[in-house]
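Biologist: Could you take a close look at one part of this model for me, the aromatic side chains and the charged pairs around them? I'd like one connected walk-through rather than a list.

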Amino acid sequence: DDVELLYEQSMMLEKLNKLADMERLLRRVIELKPDHQHAYNALGYSLAERNLRLPEARSLIKKALELSPGEPSITDSLGWVEYKLGNRDEAIRLLREAYQGQPDAEIAAHLGEVLWVSGQTDEARRVLREARQRDATNEVLRATLTASCSAFVNHLPAPQRRDFNHEAVQLATAARDRVQVLRGHMRLVFDHAELGELDDVEENIRALEAFAHEFRQAQYQWPPRMMRAMTALIAGRFDESDAISREVLALAERHREGNAMLSAGTHRMCRLHCGELHDELRAHEQTLRRMVSRVFARHSYLQWVVTAWCQARAGQPDEVQDSLARVRGSRELLNNRIFMPYAAEPCLLVNDVEFAARLHARLEREEPERFWQFGLASMAIYPPYAQQLGLTALTLGRTDEAVIHLTGALQRSERTG
């Protein structure tokens with residue numbers, strides 16, 4: 001019954017995710033030494049980290065804080081469990097106090113995450129940047145930043161998202177986490193493409209190609225190739241884009257890479273659109289729809305708005321009316337910044353003023369100079385959002401506004417090349 005030995009054993013069990021055995025040993029420690037604040041804190045934090053018995057976790061951590069008032073690591077635990085319980089203001093107060101007392105990477109990761117989801121992104125970035133400079137290899141910090149670049153930053157304006165992803169690549173590089181470096185470069189390709197920064201797109205594609213040589217697996221081989229197809233398409237090099245797409249499809253079929261097949265198939269839609277091959281686009285969409293029907297099964301509005309767009313490009317107003325009828329009432333579509341621009345051209349073709357008005361109001365929330373891009377799903381870049389604003393303005397009879405938006409889209413595209 002050596003208390004410290006039992007405590008050390010419990011921490012080893014926690015790392016092995018053997019929670020029941022860990023709890024048994026920690027409760028034995030508390031029984032033998034009722035003033036062992038670290039045992040209370042460790043048990044409470046472990047429960048909070050796993051979203052288990054949160055009120056009990058808070059009670060355990062509060063007991064630890066009574067035994068060791070002001071201890072930053074315990075204050076951090078209490079702030080973390082308050083966050084898990086949904087008490088963000090109290091969590092921020094406690095985590096700031098803990099960070100001031102002990103500015104280590106793990107406390108910074110907790111404070112940064114809570115600040116971020118609470119909308120205090122400037123302070124969150126400052127805290128996380130400071131922590132990265134102190135200890136780039138901290139596992140909790142790395143996990144927080146990885147999550148930030150996927151879940152937390154999606155709502156940010158493109159320039160901030162780009163800057164944060166640059167920081168994440170630097171963090172992963174310092175930690176020698178090659179997979180996260182690779183994923184960061186993938187995100188940066190599309191951040192820069194959205195902003196029309198084609199030189200930076202090229203730089204990140206080259207970095208991905210270097211990683212593809214290292215990793216060898218098919219899942220890492222096809223993304224940089226499809227990105228090359230995307231940049232070829234932007235420059236109007238259709239033959240090059242077609243050749244790369246065929247290579248990727250062959251690779252996908254050899255290795256049964258479903259994501260690669262989907263990406264090449266949806267990229268083909270963009271290629272036919274850019275080449276103004278509207279009948280071929282319509283036929284390809286019908287073929288692609290059969291392939292992705294399971295992907296869109298729970299979100300059929302995605303499938304039908306793409307269908308409406310292809311029908312509009314092919315000049316089929318009756319078919320467009322039928323397809324738009326399936327998506328007009330969808331709030332989800334208007335909240336989907338990737339798919340909702342597809343509805344602009346169908347609205348114009350059939351003069352759907354009511355739907356165009358709602359769509360126009362939603363498009364006005366986007367930055368008109370940003371390019372409409374799809375990421376890994378299709379490796380496609382479409383003209384700026386200003387073009388879709390121009391089309392909806394035309395539908396609404398606002399000719400002067402439409403001219404401004406469409407001219408802006410053309411000039412932005414010409415400047416980008």
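Modeller: Sure, and keep in mind that this is a predicted model. Let's start at W372, which counts as buried with a relative accessibility of 2%. Its partner Y382 also comes out as buried, at 2% relative accessibility. The ring centres of W372 and Y382 are 4.8 Å apart and the planes sit at 35 degrees, so this is a tilted pair. W372 belongs to strand β1 (residues 371-373) and Y382 to strand β2 (residues 381-384), so the two rings tie together parts of the chain that are 10 residues apart in sequence.

That pair belongs to a wider group: W309, F339, Y342, W372 and Y382 make up one aromatic cluster. Take F339 from that cluster: you'll find F339 in the loop between α19 (331-334) and α20, and at 16% relative accessibility F339 is buried. F339 is also 36 residues from Q303 in sequence, yet their C-alpha atoms are 9.4 Å apart in space.

W309 leads us on to a charged residue, E345. Leaving aside residues up to four places away in sequence, E345 touches W309, A312, R313 and L391. E345 sits in helix α20 (residues 344-350) and is buried, with 19% relative accessible area; the cut-off for that label is under 20%. One of those neighbours, R313, also shares a polar contact of 2.7 Å with E345, side chain to side chain.

There's another place where charge and ring meet: R326 puts its charged end over the ring of W304, 4.0 Å from the ring centre.

Across the whole structure the search turns up seven aromatic pairs. Another of these is W80 with Y83, where the centres are 5.1 Å apart and the planes at 45 degrees, so this pair is tilted. W80 and Y83 are three residues apart in helix α5, about one helical turn. W80 is buried at 4% relative accessibility, and Y83 is buried too, at 16%.

Helix α5 also gives us a way into the salt bridges. E82 bridges to R58, with the closest N and O atoms 3.2 Å apart. This pair links distant parts of the chain, as E82 is in helix α5 (residues 72-84) and R58 in helix α4, 24 residues apart. E82 is buried, with a relative accessible area of 5%, whereas R58 is partly exposed at 25%.

The full search finds 34 salt bridges. Among them is E14 with R50, whose closest N and O atoms are 3.2 Å apart. E14 lies in helix α1 (residues 3-15) and R50 in the loop between α3 (37-49) and α4 (54-67), so the bridge ties together parts 36 residues apart in sequence. Both ends are partly exposed, E14 at 24% relative accessibility and R50 at 25%.

R162 and E197 form another salt bridge, at 2.7 Å from N to O. With R162 in helix α10 (residues 158-174) and E197 in the loop between α11 (178-194) and α12 (198-215), the pair ties together parts 35 residues apart in sequence. Here R162 is buried at 17% relative accessibility, while E197 is partly exposed at 21%. Finally, there's a salt-bridge network to browse, linking E194, R337, R362, E366, E367 and R370.

Technical notes: Residues are numbered from 1 along each chain as its sequence is written. This is a predicted model: local features need pLDDT of at least 70, side-chain atom pairs count only at pLDDT 80 or more; totals for chains, interfaces and linings use all residues. Side-chain values use heavy atoms; hydrogens and water are left out. A salt bridge is a side-chain nitrogen of Lys or Arg within 4 Å of a carboxyl oxygen of Asp or Glu. Helices (H or I, at least four residues) and strands (E, at least two) are DSSP runs, numbered from the N terminus. Buried means under 20% relative accessible area, exposed over 50%, partly exposed in between (1.4 Å probe, protein chains only). A polar contact is a pair of N or O atoms within 3.5 Å; within protein, one must be able to donate a hydrogen and the other to accept it, and residues adjacent in sequence count only if both atoms are side-chain atoms. Contact means heavy atoms within 4.5 Å. Rings of Phe, Tyr and Trp (its six-membered ring) pair if their centres lie within 6.5 Å; planes under 30 degrees apart count as stacked, over 60 as edge-to-face and the rest as tilted. A charge sits over a ring if NZ of Lys or CZ of Arg is within 6 Å of the ring centre and within 35 degrees of the ring normal.
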